[in-house]
Amino acid sequence: MPKLDESLLNGLDPFRGLERAQIREILDKATTHRFEAGDTVFHEGAEADRFYLLLDGYVRVGRVTPEGEHVTVMHIPAGQLFGIALALGHTHFPATSVAASETIVLSWPQRQWPDFTGSYPGFSVVAYRTIGQRMKEMHDQVMQIATQQVEQRVANALLRLITQMGRRTDAGIEVDFPITRQDLSEMTGTTLHTVSRLLSAWEKRGIVTSKRKRIMVCQPHELVMLAEPPAPR
């Protein structure tokens with residue numbers, strides 16, 4: 001791939017405020033990867049020998065339960081670090097990362113992590129803030145699976161997606177990458193049949209449209225109401 005310009009990193013949180021020469025130094029140390037939708041960036045349990053920045057596209061992070069079920073933990077949008085296992089004290093990746101769309105990723109050897117956190121002001125602050133945000137997101141997801149009804153869980157999952165990765169159109173807010181009903185079932189700890197039944201019912205009410213791995217939320221306010229706990233009787 002051609003040499004990347006410093007402007008690509010200049011406005012991203014991990015590198016905000018750095019001098020142009022520092023950003024050039026960071027880019028010169030990086031390896032650039034291009035992934036197609038469905039390609040695996042790294043596997044759960046693999047040696048964490050690199051850390052990553054998502055430059056363009058979306059990445060889906062998932063784990064396999066002891067029972068062999070695939071669970072989608074989160075989706076990561078462009079501009080964020082991921083695969084930062086060393087910051088969590090891991091020597092191996094705790095989850096699998098898969099490109100959810102055509103994706104461009106930068107990576108660096110894991111041994112350079114201490115240099116990045118020590119040499120580039122603000123980098124470690126953003127990195128550990130990112131970890132905190134993701135831990136909270138995973139905690140919220142676990143709590144939703146444990147305490148919410150299925151309809152609430154699916155509604156909340158869609159709300160997260162359009163809030164973090166939504167694209168506004170004349171018809172509503174579309175999830176800005178291909179997503180299937182199976183993906184939603186893995187995000188919400190429910191069955192494909194249940195997700196399909198809910199989406200079909202919501203389509204009849206005009207709340208969403210779903211086709212060709214694309215989901216559009218046409219009435220976000222109605223989805224918010226579905227995500228709320230039912231009123232006590």
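# A walk through sheets, pockets and cavities

Hi everyone, let's start at one serine. S97 touches D39, T40, V41, F42, V59, R60, V61 and F82, leaving aside residues up to four places away in sequence. Before I go on, please keep in mind that this is a predicted model.

So where does S97 sit? It belongs to strand β7, which covers residues 96–99. And is S97 buried or exposed? Its relative accessibility is 2%, and buried means under 20%, so S97 counts as buried.

Now let's move along the chain to a sheet. Here is some background first. Strands of a sheet pair through backbone hydrogen bonds, and the pairing can be parallel or antiparallel. In our model there is an open sheet of four strands, and its order is β9-β10-β12-β11, with antiparallel pairing. Which strands are at the edges? They are β9, residues 166–169, and β11, residues 208–211, and each of them pairs on one side only. From one strand to the next, the twist averages 25 degrees.

Let's cross that sheet pair by pair. We begin with β9 and β10, where β10 is residues 172–175; these two are antiparallel and share four bridges. If you would like a spot to look for on your screen, R167 stands opposite E174 in β10.

Next comes the pairing of β10 with β12, which is residues 214–217. Two bridges join these strands, and they run antiparallel. Here you can look for I173, which stands opposite V217 in β12.

The last pair is β11 with β12, again antiparallel, joined by four bridges. K211 has R214 in β12 as its bridge partner. β11 and β12 form a hairpin with two residues between the strands. In that hairpin, R212 takes a positive phi near 50 degrees.

That's the sheet. Now for the spaces, starting with the pockets.

The largest pocket has a volume of about 420 Å³. Its lining is made of 20 residues, and those nearest its centre are V61, L88, P94, A95 and M138. You may remember V61, because we met it at the beginning among the contacts of S97. Which elements supply at least two residues of this lining? They are β4, residues 59–64, together with β5 and α4. The largest share comes from α4, with four residues. As for the character of the lining, 15 residues are nonpolar, three are polar and two are charged.

The second largest pocket has a volume of about 280 Å³. It is lined by 16 residues, and Q133, R134, E137, R160 and Q164 lie nearest its centre. β5, α4 and α5 each give two or more residues to this lining. Which element gives the most? That is α4, with seven residues. By class, this lining has four nonpolar, seven polar and five charged residues.

Finally, the cavities. How many cavities of 30 Å³ or more does a search of the whole structure find? It finds two.

The largest cavity has a volume of about 60 Å³. Its lining consists of T72, V73, M74, H75, E137, Q141, R160, L161, Q164, M165 and M187. The elements that give two or more residues here are β5, residues 70–76, then α4, residues 123–147, and α5, residues 150–165. Five of the lining residues are nonpolar, four are polar and two are charged.

The second largest cavity has a volume of about 30 Å³. Around it you will find Q141, Q144, I145, R153, A157, R160, M187 and T188. Two or more of these residues come from each of α4, α5 and α6, with α6 covering residues 181–188. The lining divides into three nonpolar, three polar and two charged residues.

Here is something fun to try on your own screen. Find Q141, R160 and M187: they are in the lining of the largest cavity, and they are also in the lining of the second largest cavity. R160 is one of the residues nearest the centre of the second largest pocket as well.

To pull it together, we saw S97 buried in the model, an open sheet with the order β9-β10-β12-β11, and two cavities of 30 Å³ or more. Thanks for listening!

Definitions and conventions: Residues are numbered from 1 along each chain as its sequence is written. This is a predicted model: local features need pLDDT of at least 70, side-chain atom pairs count only at pLDDT 80 or more; totals for chains, interfaces and linings use all residues. Side-chain values use heavy atoms; hydrogens and water are left out. On a 1 Å grid over the protein atoms alone, a cavity is a set of points where a 1.4 Å probe fits but cannot get out, and a pocket is an open set with protein on both sides within 12 Å along at least five of seven lines; lining residues have an atom within 4 Å of a point. Grid points are joined across faces, edges and corners, and a volume is the space filled by probe spheres set on the points. Ala, Val, Leu, Ile, Met, Phe, Trp, Tyr, Cys and Pro count as nonpolar, Asp, Glu, Lys and Arg as charged, and the others, Gly among them, as polar. Buried means under 20% relative accessible area, exposed over 50%, partly exposed in between (1.4 Å probe, protein chains only). Contact means heavy atoms within 4.5 Å. Two strands pair if DSSP finds at least two bridges between them. Axes are lines fitted to C-alpha atoms, for helices over the stretch in contact, and angles run from 0 to 180 degrees between N-to-C directions.
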